[in-house]
Amino acid sequence: MSDRIVVMNGGTVEQIGTPEELYEQPKTKFVADFLGETNILEGEVIKLKEREVLLHLEQESDIIRIPNRQYVMGDKFIVSIRPERIKFKYAPEEGDVWLPCKIKERIYNGAVIKNVALLNNGKEILINEPIGESFTLKNADDEIFATWSTDKTVVIKA
């Protein structure tokens, strides 16, 4: 088993790291999308605060917050969130990163239920729920929230 992997794109090294580093902390959109499933969203900094920034994601109504790491207004980003890191909730909790959505499709796949959720802007995202921990939807057309913790948001400067 390899302890270091080199990910190349068109003959150029994109990233070198352990399998865990490449999966959990990809440095480029290519690496994020290359290893496993992920949700890729594009964003731009629209508001700066001392400890966090607000990112506008592809549509005016989709805004998330991420830790401020010396970003400036207008910085553009790729945000990657792995499907297994996202949880459905009827209301986001304090500290959650969230996007409103509706469940479009649920697919039983053995150990997980694969969900396709539709964001307000029409973009689809994937959410994988372990069997036994799946979200109970009260009504098929309920608007719910796709939520995840800030530390599970991978932010890649575009």
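1. Let's start with the sheet built from β7, β11, β8, β9 and β10. In that order, 5 strands make an open sheet with antiparallel pairing. Strands here are DSSP runs of E with at least two residues, helices are runs of H or I with at least four residues, and both are numbered from the N terminus. Two strands pair if DSSP finds at least two bridges between them. At the edges stand β7 (87-89) and β10 (124-130); each has a single partner strand, so one side of each has no neighbour in the sheet. Neighbouring strands are turned by 50° against each other on average, direction ignored. For such angles, axes are lines fitted to C-alpha atoms (for helices, over the stretch in contact), and the angles run from 0 to 180 degrees between N-to-C directions.

2. A word on what you're looking at. This is a predicted model, where local features need pLDDT of at least 70 and side-chain atom pairs count only at pLDDT 80 or more, while totals for chains, interfaces and linings use all residues. Residues are numbered from 1 along each chain as its sequence is written, and side-chain values use heavy atoms, with hydrogens and water left out.

3. Back to that sheet, at β9. Strand β9 (residues 112-119) runs antiparallel to β10, and 7 bridges join the two. If you want a pair to click on, Val116 sits opposite Leu126 in β10.

4. Asn115 is also worth a look, since it too belongs to β9. Is Asn115 buried or exposed? Its relative accessibility is 0%, so Asn115 counts as buried (buried means under 20% relative accessible area, exposed over 50%, and partly exposed in between, with a 1.4 Å probe and protein chains only). The side chain of Asn115 makes a polar contact of 2.7 Å with the side chain of Arg106, and it also reaches the backbone oxygen of Ile113 at 3.4 Å. A polar contact is a pair of N or O atoms within 3.5 Å; within protein, one must be able to donate a hydrogen and the other to accept it, and residues adjacent in sequence count only if both atoms are side-chain atoms.

5. Next, Asp96, which lies in strand β8 (residues 96-109). Asp96 counts as buried because its relative accessibility is 11%. Its side chain joins that of Lys89 through a polar contact of 2.9 Å. A polar atom of the Asp96 side chain also lies 2.8 Å from the backbone nitrogen of Glu93.

6. For contrast, try the loop between β10 and β11 (144-149), where you'll find Gly132. Gly132 has a relative accessible area of 76%, so it is exposed. Gly132 and Val112 are 20 residues apart in sequence, and their C-alpha atoms are 8.8 Å apart in space.

7. Now for another sheet. Here 5 strands form an open, antiparallel sheet in the order β5-β4-β3-β6-β12. β5 and β12 take the edges with a single partner strand each, so one side of each is left without a neighbour in the sheet. The twist averages 40° from one strand to the next.

8. Walking through its pairings: β4 (residues 52-57) and β5 (residues 63-67) are antiparallel and share 5 bridges, with Leu54 partnered by Arg65 in β5. Strand β3 (residues 39-48) also has 5 bridges to β4, and Leu48 has Val53 as its bridge partner. β3 and β4 form a hairpin with 3 residues between them. On to β6: 6 bridges join it to β3, again antiparallel, and Glu44 stands opposite Lys76.

9. There is a hairpin to note at β1 and β2 as well. It has 2 residues between the strands, and Gly10 in the turn has a positive phi of about 60°. Strands β1 (residues 5-9) and β2 (residues 12-17) run antiparallel with 5 bridges, and Val7 stands opposite Gln15.

10. Last, the largest pocket, with a volume of about 260 Å³. A pocket is an open set of points on a 1 Å grid over the protein atoms alone, where a 1.4 Å probe fits, with protein on both sides within 12 Å along at least five of seven lines; lining residues have an atom within 4 Å of a point. Which residues are closest to its centre? Of the 16 that line it, they are Glu24, Asp151, Lys152, Thr153 and Val154. α1 (19-24), β6 (76-81) and β12 (154-157) each supply at least two lining residues.

Technical notes
Points joined across faces, edges and corners; volume = space filled by probe spheres on them.
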